[in-house]
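Open your viewer and keep the selection panel handy. We will walk through this structure one selection at a time.

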Protein chains: 2
Amino acid sequence: MTPRTLPGFYASALVLALSAGAVQSDTLADYMDFFEPLPHLPPIPADNTMTPEKIELGKMLFFEPRISASGVISCATCHNPALGWSDRIPRAVGHGGQVGERNTPTVLNSGFLESQFWDGREPDLEGQALGPIQADIEMNMTLAEAIERLKAFEIYRQHFAEAFPDDPDPINPGNVALAIATFERTLNTPNSPLDRFLRGDVQAMTGRQVEGMKLFVDAGCVACHGGPALTDSNFHRFELPGSRDEGRFLVTGDEADRFAFRTPTLRNVAVTYPYFNNGSVDNLHDAVQLMGQQMLGQDFTEEELDSLVDFMHALTGEMPRVEIPALP
Amino acid sequence: MTPRTLPGFYASALVLALSAGAVQSDTLADYMDFFEPLPHLPPIPADNTMTPEKIELGKMLFFEPRISASGVISCATCHNPALGWSDRIPRAVGHGGQVGERNTPTVLNSGFLESQFWDGREPDLEGQALGPIQADIEMNMTLAEAIERLKAFEIYRQHFAEAFPDDPDPINPGNVALAIATFERTLNTPNSPLDRFLRGDVQAMTGRQVEGMKLFVDAGCVACHGGPALTDSNFHRFELPGSRDEGRFLVTGDEADRFAFRTPTLRNVAVTYPYFNNGSVDNLHDAVQLMGQQMLGQDFTEEELDSLVDFMHALTGEMPRVEIPALP
């Protein structure tokens, strides 16, 4: 059994161990040590260096609906900048109004995740980018036709040449993925109340948010929701009412992965409702309660839920300011 | 026969008269007199004063997909800021992927038009705004449910109260229309090369654009494409290959209106392709050629077409800078 397929009862054991440790951490500083401020940029892969030209091209492609079969769906349709770079509906609506199986994850801070999609089937943003373009219930496009459409525009020929100056034939699917991934790595939300608090601004969080932060550690939430993006990027099983989605199992075929999903980031969780793989829970109170019951075997009191939810609101960072590109 | 239903042969007669007049206008200043720079704002109706609060609310509503049945289509889906506030596909794609009958007109400078929609069935932007929300092939929403959804958000309750401070129950369809129309009246594109040229910057247009401008007058295009938005806001018949759309006739039932459509603005025509009521012509060369043949009974030479098309490019103004709103 690898750490990436940690089932519920093992997770609970780990959580108990961590909780026990946390009980001894009675100074605020000890609690704060469980967290780290969000860096302004995630790790940049060596084989996809970040350049202004790639960011600009990636932004254009992210907003480009002509790489969908209908000509009206872009990445930004479901990852809508007005809606926390997600869509705020339970399950994604794509080509021809088809409704998918899963809730749209936010693109915000996605460069900090160690795998992509709810089931982690792609290791990175480069691997993720071309999926929705081709999925028949999303953009329903062949890559060949997408490339053909892009090649028809002089402005794209120019931008691809600038972004990939060493490539003699730069308009190709691989470069589309590299550019979109590069743009997405700029979509981070630093300076949330938690980040400012961790950096020493004691006024940045309310008293109840600080209480929530402590409880988040003491109860064991931080066992899975740790690291800069508040996710371990690992897969955990739980029973979500109304969901028959087998999750990670569909990728690995490993029985231990049945109904397991990658821990979602809690960064900006207050503005990226509804929650869970099928988007069936539309408020933080119920989401935190369900997590307590399922992952920690614990029924939080209403007071505890209130402080945990308040702490969730301290995880909303500064939204990236993105100017809508002028497309050809 | 009223001027609003001017049929082709009458228009041709008027055009000939204007052309004859233009022949005598041999100085550049005389040609320039046919045009006027685009004001920064269109006329503001007395019963819908422009306030910052209404603009802000209208912007939120314009980008708000929850006022569509699917939850993913907003005004900005078809009137996409990245695509000249239109969609750059022949005919609009709406709810469930349904394709409409007509090409999406740009919202840019739409406050300068004296009627709205291709068939002019609404007199103003206030009248236009609620149409697409309810159309079953567009956003497919009842106004009652749209209002209910908006009322659920505290932020909307706040913004409506600020925008309509004298209204005890401000979240209602009428106010939605007032706010969206107010926002749309800010979406203007001043300072195009033509505007700067008219204001005295002789370098703002190329030599061939100036030739195109003269020909635009001499050939009679300006007869219908005059005024600040380069449209007379009147209805004219013409035979568009592939279109059986009866246009204005569907509104008035007047035989003279069969196949008549409102003259579209030529402002930003280079970035609002494809053209005509069914979007069947995707380039300016062919669009100008067709107009010459149909409306002016004239086959422009390739050289004439080149200069007219170049002049069309001088009609692209400064795009409004709109920050994507943060929706609740």
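**Where the copies meet**

Welcome aboard; the model you are looking at is predicted. Begin by selecting the interface residues of chain A and then those of chain B: 100% of the interface residues of chain A are also interface residues in chain B, so the copies meet through the same surface. How many residues of chain A are in contact with chain B? Chain A brings 20 residues to the contact, and they touch 20 residues of chain B. Colour the chain A side by class and you will find 13 nonpolar residues, six polar ones and one charged residue.

**The axis**

Next, superpose the two chains. A turn of 180° with a shift of 0.0 Å along the axis lays chain A on chain B, and the RMSD is 0.0 Å. That is the relation of a two-fold axis. Which residue of chain A comes closest to the rotation axis? Select A:G96 and centre the view on its C-alpha, which lies 2.3 Å from the axis.

**Chain A as a whole**

Now hide chain B and switch to a cartoon view. Chain A holds 13 helices and two strands. Its radius of gyration is 20 Å, close to the 20 Å that the globule rule gives for 328 residues, so chain A is as compact as a globular protein of that length. If you align the view with the principal axes, the C-alpha trace of chain A spans about 65 × 45 × 35 Å.

Try colouring by burial here: buried residues account for 48% of the 328 residues in chain A. A contact map is worth a look too. Taking contacts in chain A between residues at least 6 apart in sequence, 71% join residues at least 24 apart.

**Two domains**

Give each domain its own colour. Domain 1 of chain A covers 3–40 + 189–313, and domain 2 covers 52–184. How far apart are the centres of domain 1 and domain 2 of chain A? Taken over C-alpha atoms, 28 Å separate them.

Zoom in on the contact between these domains, where domain 1 of chain A supplies 27 residues and domain 2 of chain A supplies 21 residues. On the domain 1 side, select helix 11 (249–252) and strand 2 (260–262) of chain A, each of which supplies at least two residues to the side that touches domain 2. By class, that side of domain 1 of chain A has twelve nonpolar, eleven polar and four charged residues.

Methods:
Residues are numbered from 1 along each chain as its sequence is written. Chains are lettered from A and ligands numbered from 1 in the order in which they are written. This is a predicted model: local features need pLDDT of at least 70, side-chain atom pairs count only at pLDDT 80 or more; totals for chains, interfaces and linings use all residues. Domain bounds come from an automatic or database domain assignment. Two residues are in contact if their C-beta atoms, placed from the backbone, lie within 7 Å. Helices (H or I, at least four residues) and strands (E, at least two) are DSSP runs, numbered from the N terminus. Ala, Val, Leu, Ile, Met, Phe, Trp, Tyr, Cys and Pro count as nonpolar, Asp, Glu, Lys and Arg as charged, and the others, Gly among them, as polar. The radius of gyration is taken over C-alpha atoms; the globule rule is 2.2 Å times the number of residues to the power 0.38. A residue is buried if 20 or more other C-beta atoms lie within 10 Å of its own, exposed if 12 or fewer, and partly exposed in between; C-beta atoms are placed from the backbone. Copies are superposed by least squares on the C-alpha atoms of residues with pLDDT of at least 70 in both.
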